[in-house]
Amino acid sequence: MNRKSWSLRLARPEDAEKMPAIETAAAKLFKTVEGLSNLAKDDPIPVDRLQRYICKGHCLVSHIGDVMVGFIVTEPFGRELHIWEMDVHPDAQQNGVGAGLLRACMTDARNSTFRALTLTTFRGVPWNAPFYARLGFDEVTALDAHPRLAAELAVEADNGLNRQRRCAMIHFLD
């Protein structure tokens, strides 16, 4: 699937059935990151939860031909749109799919009058915080001003993710 043209569109509820396989394949890349190989397991977001996010209207999928290769799953929180998950199948990576999904999400959020996109991610993983930073996201350092994001990081820590390696990020929309 390398260097082929891809397309994207708004996700449909039936797309949720294909998302876990993409998430699982993409998670296997964590085997290459010291201290995070435990994340390369088969524990994707459940299909029914994905369908609930999709029904809120801001999730996107990407295809190469008829094959879904990536997705971004979001949820509105007031005037912010939170990114819960974004994955691109390893066979389609380095093809601009992830950046395309994120830019399309930014456009949708802006057109839907959200004031910002938010997410939580790993600081030192190249396809996590550094990737989002290249596309205009900033790390949230004043978490007291963002209690929802602070609470999400606390839940992640309670679920075993290393708090020192995690961060919240925000991209304000103009």
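The following exercises, with worked solutions, concern a predicted model.

**Exercise 1.** Determine which residues touch the most other members of the largest nonpolar core, and which element gives the most to this core.

*Solution.* The core has 28 residues, and Ile72, Leu102, Tyr132 and Phe137 touch the most other members. Elements that give two or more residues to this core include β3 (67-77), α3 (97-111) and β5 (116-122). Among these elements, α3 gives the most, with 8 residues.

**Exercise 2.** Classify the geometry of the aromatic pair formed by tyrosine 132 and phenylalanine 137, and state whether tyrosine 132 is buried or exposed.

*Solution.* The ring centres lie 5.5 Å apart and the planes meet at 70 degrees. Because planes over 60 degrees apart count as edge-to-face, the pair is edge-to-face. Tyrosine 132 has 8% relative accessibility and therefore counts as buried; phenylalanine 137, at 2%, is buried as well. Beyond four places in sequence, tyrosine 132 touches Met86, Leu102, Leu119, Thr121, Phe137 and Met169.

**Exercise 3.** Describe the surroundings of histidine 82, and identify the side chain with which its own side chain makes a polar contact.

*Solution.* Histidine 82 belongs to strand β4. Its relative accessible area is 1%, so the residue is buried. The side chain of histidine 82 makes a polar contact of 2.8 Å with that of threonine 118. Outside four places in sequence, the contacts of histidine 82 include Phe77 and Arg148.

**Exercise 4.** Identify the ring over which the charged end of arginine 148 sits.

*Solution.* The ring is that of phenylalanine 77, with the charged end 4.5 Å from its centre. Phenylalanine 77 is partly exposed, at 31% relative accessibility.

Technical notes: Residues are numbered from 1 along each chain as its sequence is written. This is a predicted model: local features need pLDDT of at least 70, side-chain atom pairs count only at pLDDT 80 or more; totals for chains, interfaces and linings use all residues. Side-chain values use heavy atoms; hydrogens and water are left out. A nonpolar core is a set of buried Ala, Val, Leu, Ile, Met, Phe, Trp, Tyr and Cys residues joined through side-chain atoms within 4.5 Å. Buried means under 20% relative accessible area, exposed over 50%, partly exposed in between (1.4 Å probe, protein chains only). Helices (H or I, at least four residues) and strands (E, at least two) are DSSP runs, numbered from the N terminus. Contact means heavy atoms within 4.5 Å. A polar contact is a pair of N or O atoms within 3.5 Å; within protein, one must be able to donate a hydrogen and the other to accept it, and residues adjacent in sequence count only if both atoms are side-chain atoms. Rings of Phe, Tyr and Trp (its six-membered ring) pair if their centres lie within 6.5 Å; planes under 30 degrees apart count as stacked, over 60 as edge-to-face and the rest as tilted. A charge sits over a ring if NZ of Lys or CZ of Arg is within 6 Å of the ring centre and within 35 degrees of the ring normal.
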